[in-house]
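Trainee: I have a new model open on my screen. Could you walk me through how to read it?
Mentor: Sure, let's load it and take it feature by feature.

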Amino acid sequence: MASPKVARPRYLQLIVADPKGRDFVDFDEDLQVKDLQNATKDGYREIELVKRFTTIGMGPSQGRHSALATARIVAEATGRTVGEIGITTARPPVGPETLGVLAGQHEVLERRTALHARHVALNAAMKPVGAWWRPYYYGDASDAEDAVREEILAVREGVGLLDVSTLGKLEIRGPDAGEFLDRLYTMAHANQPVGRVRYCLMLNEMGSVIDDGVAYRMAQDQFYVTATTGAVTRVYADMLFWNAEWRLEVDVLNLTGAFSGLNVTGPKARQVLEALQSDIDFSRDAFPYLSGREGMVAGVPVRVMRIGFTGELSYELHCPSSLAPALWDAVMAAGKPHGLRPYGLEASRILRLEKGHILIGQDTDAITAPDELGFGWAVSKKKPFFVGKRSIEMRARLGQTRKLVGLQFPAGASNIPGESCLVLRGGAPVGQITSVGYSPSLGRHIALAYVHVDDQAEGSRVAVKCRNGELVETPVVGHAFFDPTNARQEI
């Protein structure tokens, strides 16, 4: 009789094909072995991507019955081990429910910016983005395409106004504020001069990109940091966690709801702000690119940062949310002689695409490293530590397999691939389109896509599989499709 104290070996049960083809892996989602194998053939080689593509593990059992089998099948199909593949997280209802969930009926969380009424009055097409209602464009649905094009051209040729109130806004205060950001973000912030703005790139412990934003150093012991709309909750939670772990002399405040933001952008942006009563000097020499200032604009206390998500001369004005409508009205009135036009998310999406600027969560995934984005410039080589540093160094030694590049399609082309369409090399999938859209400024469709690392050079040609199954060949170009020298944001 075997002793219960002696460890017993564990043997994995073989996965054997059912003679009638009924080899189901997930009964909840009605998925078989062939469905997972086909997913890997279509380019979804990571376990999280397989889950999203096939919906395996998304039923009531939440992967409790299928997770290990899925990992084994994907590992075999991709020539890797289960350890390299990993498994997905099983979530409720298999796991315990919180008392809050069991307490009763819950309403869907909806948030509106302080400028919501202004957007509605301007006939904005409001749509929910996460928890926030935001304007996609201004005008009737029948004229949506023309409205978006006119909003883009208004920014490129004159001046536009965007509500950026949903951005995460965090204030870091204390003697160790610079050291705290140095450990959290990839760039150097401890030596950042007061009055300057610096790009922020945040990684997790695996070395994957999870957020970006900017940090404005308002004083030696005070930073004003922005985060993406979708990630601010996690960023704030991570800051609190690391603050408790490191025990630095730092206080972290979440001002996302308390502060609103307006982005005034375009060649005439400076003229609009100089027409307002203000104690801030907006001239080029007094307020250079990547600088921040505090003061009063139209009687409203503001924190202003000169940054350029659109690639144009741009100023972000952040103020207490209760005063945001008054500031909006003042900017709209001052901009009227200059043809100022409010623009929505769709125009903003194309404007940033024209400059090759990424969107976290759209142009990145759970395993994206900075080097794959061409963001080596945003990673300090001198800092002894930041979250994810050791991991990206280890990943760099393994070598890259993909790179995010720009793709440009011929003017007038009718067969344009959509987002997540596969990039092929030798008939095998090596990447996918992450962002695509029509650029009125360039008169053609442009895209960001992951390609094989050997095809990253400008001028290389890659094949993309469209939704109708046809292949189109297109050249690789630089990330910045529009104004690659960045001259326009420096005016």
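**Salt bridges, cores and a few odd spots**

Mentor: Let's begin with charge pairs: the count comes to 23 salt bridges. Keep in mind as we go that this is a predicted model.

Trainee: Which residue does Asp238 form a salt bridge with, and how far apart are the closest N and O atoms?

Mentor: The partner is Arg234, and the closest N and O atoms are 3.6 Å apart. A pair counts as a salt bridge when the side-chain nitrogen is within 4 Å of the carboxyl oxygen, so this one makes the cut. Next, look at where the two partners sit. Asp238 and Arg234 are both in helix 9 (residues 232-246), with their positions 4 residues apart, about one turn of the helix. Arg234 is partly exposed, at 45% relative accessibility.

Trainee: What about Glu312, and which residue is its partner?

Mentor: Glu312 pairs with Arg488, and here the closest N and O atoms are 2.8 Å apart. Glu312 belongs to the loop between strand 14 and strand 15, while Arg488 is in the segment after strand 22 (471-477), so this salt bridge ties together parts that are 176 residues apart in sequence.

Trainee: Is Glu312 buried or exposed?

Mentor: Buried, with a relative accessible area of 1%. Arg488 is partly exposed, at 26%.

Trainee: And Glu473, which residue does that one bridge to?

Mentor: Glu473 forms a salt bridge with Arg461, again with the closest N and O atoms 2.8 Å apart. Glu473 is in strand 22 and Arg461 in strand 21 (residues 461-465), and the two are 12 residues apart. Glu473 is exposed because its relative accessible area is 52%, and the cut-off for exposed is over 50%. Arg461, at 47%, counts as partly exposed.

Trainee: Which residues are joined into one network by salt bridges that share partners?

Mentor: Arg156, Glu312, Glu354 and Arg488. You've already met two of them, since Glu312 and Arg488 are a pair.

Trainee: Okay, on to the greasy parts. How do I read a nonpolar core?

Mentor: The general idea is that in soluble globular proteins, nonpolar side chains tend to be buried together. Here, the largest nonpolar core has 30 residues, and Tyr315, Leu327 and Val331 touch the most other members. Elements giving two or more residues to this core are strand 4 (124-129), strand 12 (259-265), helix 10 (269-274), strand 14 (300-305), strand 15 (314-320) and helix 11 (324-335). Helix 11 gives the most, with 6 residues.

Trainee: Leaving aside neighbours within four places in sequence, which residues is Leu327 in contact with?

Mentor: Leu262, Val297, Val300, Val302, Leu317 and Cys319. Apart from this core there is another one, of 24 residues, including Leu181, Met202, Trp242 and Leu248.

Trainee: Which nonpolar residues make a patch on the surface?

Mentor: Leu68, Val82 and Ile87 make a nonpolar surface patch of about 250 Å². Leu68 is in helix 3 (residues 67-78) and is partly exposed, at 46% relative accessibility.

Trainee: Now a polar residue, please. Is Thr40 buried or exposed?

Mentor: Thr40 is buried, at 8% relative accessible area, and is part of helix 1 (residues 33-41). When you find a buried polar side chain, check what its polar atoms face. A polar atom of the Thr40 side chain lies 2.6 Å from the backbone oxygen of Gln37. Beyond neighbours within four places in sequence, Thr40 is in contact with Arg45, Val74, Ala77 and Thr78.

Trainee: How do I read backbone angles?

Mentor: Most residues other than glycine have a negative phi. That makes positive values worth a look. Phi of Thr55 is near 70°, and Thr55 sits in the loop between helix 2 (47-54) and helix 3. Thr55 is partly exposed, with a relative accessible area of 28%.

Trainee: What is the phi of Arg247, and where is that residue?

Mentor: Near 60°, also a positive value in a residue other than glycine. Arg247 is in the loop between helix 9 and strand 11 (251-254), and is exposed at 73% relative accessible area.

Trainee: Last one: how far apart are the C-alpha atoms of Asp140 and Glu294?

Mentor: They are separated by 38 Å, for residues 154 apart along the chain. Asp140 is in the loop between strand 5 (132-138) and helix 7 (144-157), and is partly exposed at 44%.

Conventions
Residues are numbered from 1 along each chain as its sequence is written. This is a predicted model: local features need pLDDT of at least 70, side-chain atom pairs count only at pLDDT 80 or more; totals for chains, interfaces and linings use all residues. Side-chain values use heavy atoms; hydrogens and water are left out. Buried means under 20% relative accessible area, exposed over 50%, partly exposed in between (1.4 Å probe, protein chains only). A polar contact is a pair of N or O atoms within 3.5 Å; within protein, one must be able to donate a hydrogen and the other to accept it, and residues adjacent in sequence count only if both atoms are side-chain atoms. Contact means heavy atoms within 4.5 Å. Patches are made of residues with over 30% relative accessible area and no salt bridge: like charges are joined within 9 Å, nonpolar side chains (Val, Leu, Ile, Met, Phe, Trp, Tyr) within 5 Å. Accessible areas come from the Shrake-Rupley method with a 1.4 Å probe; for residues, only the protein chains shown count as cover. A nonpolar core is a set of buried Ala, Val, Leu, Ile, Met, Phe, Trp, Tyr and Cys residues joined through side-chain atoms within 4.5 Å.
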